[in-house]
Amino acid sequence: MFTFKTVFVFCVFYILVKMCRSAMRTLQAEQIFDNNIVLDNLLAEYGHSSSALCSVVCQQENCECFGFNSVTQMCRVHAFCTPNNTLVEESGWKYYRSRAKSAARCPIGWDHYGNSCYLFSKDTQPWNSSLDSCASVGASLVAIESQTEETFIQNRLRHEFASFMWWLGGTDQFTSNQTWYWVQTEQKINSGYTDWYRTEPDRPGQQHCLAMRKDLNYQWCDDYCPELHGYICEITLGDLDLIG
Ligand SMILES: [Ca+2]
Ligand SMILES: [Ca+2]
């Protein structure tokens, strides 16, 4: 018959198998891409025999994501997985987002709110250059799509002194019929949430870019795109999850 010792060993074995399976499922669920490596924000590189070990190292290093190459058995842990433009093709790699950091991790210096990360510029630029600056870090100029999102941004701007006016990611400069749209989502602005100041937009056909102005209590106005203003970049955490 089974002795107490046999039952005990069996139970421990059973629990360990369950835990391992659970850990593997967690790992699989959080895989974010194959056959690419991230160039930026590398914290460390190790030789490791499994992605599970790599995952443990990642958590110890307080990393956001890690890559494991099963062929070379190399593990790379990154503080933050930057967007597509920092990816380089290299076969054998699988990249994972660490569950410990998956809740809401924004790049250093960015603000988190809701499902997005926001960067408030320290410089001023024309609208088109602002859009390029955001794109260079994998983001877009902000699309304000709800009252709660706008309240968060307005509260932040009251503590920012880089600019009197701030560019948002709306424009009608590429449409022939003065239709305003968000460059981030390509949605028509006036079909969703809006917060135009009561006398704006006041220069149709001349002012093609969307801004917030301090003396309008950070409500929206149209302005001349070449003007130099602060700007707000936004990237959604969903986009960060879908790297590659
Ligand atoms: Ca938004
Ligand atoms: Ca105006």
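## Helix 3

Asp132 and Ser136 are exposed on one side of helix 3. Exposed means that 12 or fewer other C-beta atoms, placed from the backbone, lie within 10 Å of a residue's own; buried means 20 or more, and partly exposed is in between. On the other side, Trp127, Ser130, Leu131 and Cys134 are buried. These buried residues line one face of the helix, because they fall within an arc of 100° seen down the axis. The arc is that of the directions from the helix axis to the C-beta atoms.

The model is predicted: local features need pLDDT of at least 70, side-chain atom pairs count only at pLDDT 80 or more, and totals for chains, interfaces and linings use all residues. Residues are numbered from 1 along each chain as its sequence is written, while chains are lettered from A and ligands numbered from 1 in the order in which they are written.

Helix 3 covers residues 127-136. Helices (H or I, at least four residues) and strands (E, at least two) are DSSP runs, numbered from the N terminus. The buried residues of helix 3 pack against strand 8, strand 9, strand 11 and strand 13. Contact means C-beta atoms, placed from the backbone, within 7 Å. Glycine 138 follows helix 3 and has a positive phi, near 80°.

## The five-strand sheet

Five strands form an open sheet in the order 1-5-3-4-2, with antiparallel pairing. Strands pair if DSSP finds at least two bridges between them. Strand 1 (31-38) and strand 2 (42-47) stand at the edges with a single partner strand each, so one side of each has no neighbour in the sheet. The twist averages 30° from one strand to the next.

Strand 3 and strand 4 run antiparallel and are joined by five bridges. Cysteine 65 has histidine 78 in strand 4 as its bridge partner. Helix 2 (residues 51-60) packs on the sheet and touches strand 2, strand 3, strand 4 and strand 5. The direction of helix 2 makes about 150° with that of strand 3. Axes are lines fitted to C-alpha atoms, for helices over the stretch in contact; angles run from 0 to 180 degrees between N-to-C directions.

## Unusual backbone in the loops

Most residues other than glycine have a negative phi, and most peptide bonds are trans. Asparagine 217 has a positive phi of about 55°. Tyrosine 218 has a positive phi of about 60°. Asparagine 217 lies in the loop between strand 11 and strand 12, and so does tyrosine 218. Asparagine 217 counts as exposed, with 11 C-beta neighbours inside 10 Å. Tyrosine 218 has 21 and counts as buried.

A cis peptide bond joins glutamate 200 and proline 201, with omega about -5°. Proline 201 is in the loop between strand 10 and strand 11.

Note on methods: Contact = placed C-beta atoms within 7 Å.
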